[in-house]
There are 2 protein chains.
Amino acid sequence: MGIAEDIKQKKFSSEFSKAIVNLIYTNSWLNQKHVSLFKPFGLTTPQFNILRILRGQHPEPSTVNLLIDRMLDKSSNASRIIDKLEEKGLVIRKQCKDDRRAVDVFISEEGLSLLSELDKEMDSWEENSKSLTDEESKILNQLLDKIRI
Amino acid sequence: MGIAEDIKQKKFSSEFSKAIVNLIYTNSWLNQKHVSLFKPFGLTTPQFNILRILRGQHPEPSTVNLLIDRMLDKSSNASRIIDKLEEKGLVIRKQCKDDRRAVDVFISEEGLSLLSELDKEMDSWEENSKSLTDEESKILNQLLDKIRI
DNA sequence: TTGAAAAGGATGTAGTTACATTTAATGTAT
DNA sequence: ATACATTAAATGTAACTACATCCTTTTCAA
């Protein structure tokens, strides 16, 4: 079913503005999938994203600023997301030696093993719902990159 | 600049999962643009969306359920968004005659004229940042529709 | 017709986000 | 060295979201 039927809007002022609406709608659709995927693991989407960035850096630490810089959703509040992850024992905070203003954040063993559990879920979700071929995905990536000029 | 450079992630497990990340990132990029577009008019994005749906129905009313059904972001709380719009005089609530459980929501004259102001802004933004051709937009629409199978 | 179930919407609440402010550490120009 | 600006992160707060619950009205079966 196309976007026009999904949101029951027949007319759009242009193909481009239809694509913009479609992007927002598809993102929201995707987000709902992700939320229900992460929920059984007690994680929110921003928490999951932070954990993945930390794993990308592991065993090196990340400062809070680096996390903010790389987060997909720039608007969320990194400090407090890290609070939550720390409460759950998934990350560890240490004062940075070189710059005592900065905080080094590490992913813990628990964090790594939780992520690897989640990887399985993610992979099987992506496998099942992999609706685009590699070629199509490549085109989608190019078009999305182009939107952001 | 591609998504890989933007979020400084070199490797993705597949083109598809890269496209998923790209979708989320592009949506967030777009959302920031929209927020700063709506802000001078004192509107949030969900408020703007509700107003647009109401205008689409105008002069017919919309029930709250219809609004929920068509909102791009299903998760937000329609009742309270309508509260805000009503406070600002942009919409009018009336009890529905046929079904006294239901509420008919109308867009007011003020709402219509605010939207037409915003249309100008939106159009000029889309004109300036129209980064895709019609053909490209069409392809993007197809690919996004396909993701949501 | 009456009582249970369902539907439409509002509301309470806990948790999150957005944004401004604060605190502490570092950089920099005099 | 000292004062001022800048940076990193945390925090206070108001607003918003997600989700459950509630209230009223409608539907429908017995």
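User: How much of chain A counts as buried?

Analyst: Good place to begin! In this predicted model, 28% of the 149 residues of chain A count as buried.

User: What does the radius of gyration say about chain A?

Analyst: Here you set a value beside a reference. A compact globule of 149 residues would have a radius of gyration near 15 Å, whereas chain A comes out at 19 Å. You can also look at the box that holds the C-alpha atoms of chain A: along the principal axes it spans roughly 55 × 30 × 30 Å.

User: Which helices and strands should I look for, and in what pattern do they follow along chain A?

Analyst: Chain A has 7 helices and 3 strands. Follow the sequence and you meet them as α-α-α-β-α-α-β-β-α-α. Contacts add another view: among those in chain A between residues at least 6 apart in sequence, 43% link residues at least 24 apart.

User: How do I read the sheet, and in what order do its strands stand?

Analyst: The general idea is that strands of a sheet pair through backbone hydrogen bonds, either parallel or antiparallel. In chain A, 3 strands make an open sheet with the order β1-β3-β2, and the pairing is antiparallel. β1 (62–63) and β2 (91–95) of chain A are at the edges with a single partner strand each, so one side of each has no neighbour in the sheet. Now zoom in on one pair: β2(A) and β3 (residues 103–107) of chain A are joined in the antiparallel sense over 5 bridges. As an example of who faces whom, R93(A) stands opposite V105(A) in β3(A).

User: Could we try a single residue? Is V91(A) buried or exposed?

Analyst: Let's count neighbours. V91(A) belongs to strand β2 of chain A. A residue is called buried if 20 or more other C-beta atoms lie within 10 Å of its own. V91(A) has 24 C-beta neighbours inside 10 Å, so V91(A) counts as buried.

User: Which residues does V91(A) touch, apart from those within four places in sequence?

Analyst: Its contacts include L54(A), I82(A), L85(A), V105(A) and F106(A). Take L54(A): 37 residues separate L54(A) from V91(A) in sequence, yet their C-alpha atoms are 8.6 Å apart in space.

User: Now the two chains. By what turn and shift can chain B be laid on chain A?

Analyst: In general, two copies of a chain are related by a rotation about an axis and a shift along it. For this pair, a turn of 180° with a shift of 0.0 Å along the axis lays chain B on chain A with an RMSD of 0.0 Å. That is how a two-fold axis relates copies.

User: How many residues does each chain bring to the contact?

Analyst: Chain B brings 45 residues and chain A brings 44 residues. On the side of chain B that touches chain A, the elements giving two or more residues are α2 (15–38) and α7 (134–147) of chain B. The largest share, 16 residues, comes from α2(B). By type, that side of chain B divides into 19 nonpolar, 12 polar and 14 charged residues.

User: Why can we say that the copies meet through the same surface?

Analyst: Because 98% of the interface residues of chain B are also interface residues in chain A.

User: And which residues are closest to DNA strand C?

Analyst: DNA strand C is surrounded by 22 residues, and the closest are S75(A), R100(A), T63(B), N65(B) and S79(B). Both chains supply elements here: α5 (78–87) of chain A, and α4 (64–70) and α5 (78–87) of chain B, each give at least two residues to the surface near DNA strand C. That surface holds 6 nonpolar, 8 polar and 8 charged residues.

How values were computed. Residues are numbered from 1 along each chain as its sequence is written. Chains are lettered from A and ligands numbered from 1 in the order in which they are written. This is a predicted model: local features need pLDDT of at least 70, side-chain atom pairs count only at pLDDT 80 or more; totals for chains, interfaces and linings use all residues. Copies are superposed by least squares on the C-alpha atoms of residues with pLDDT of at least 70 in both. Two residues are in contact if their C-beta atoms, placed from the backbone, lie within 7 Å. A residue is near a molecule or strand if its C-beta atom, placed from the backbone, lies within 6 Å of it. Helices (H or I, at least four residues) and strands (E, at least two) are DSSP runs, numbered from the N terminus. Ala, Val, Leu, Ile, Met, Phe, Trp, Tyr, Cys and Pro count as nonpolar, Asp, Glu, Lys and Arg as charged, and the others, Gly among them, as polar. The radius of gyration is taken over C-alpha atoms; the globule rule is 2.2 Å times the number of residues to the power 0.38. A residue is buried if 20 or more other C-beta atoms lie within 10 Å of its own, exposed if 12 or fewer, and partly exposed in between; C-beta atoms are placed from the backbone. Two strands pair if DSSP finds at least two bridges between them.
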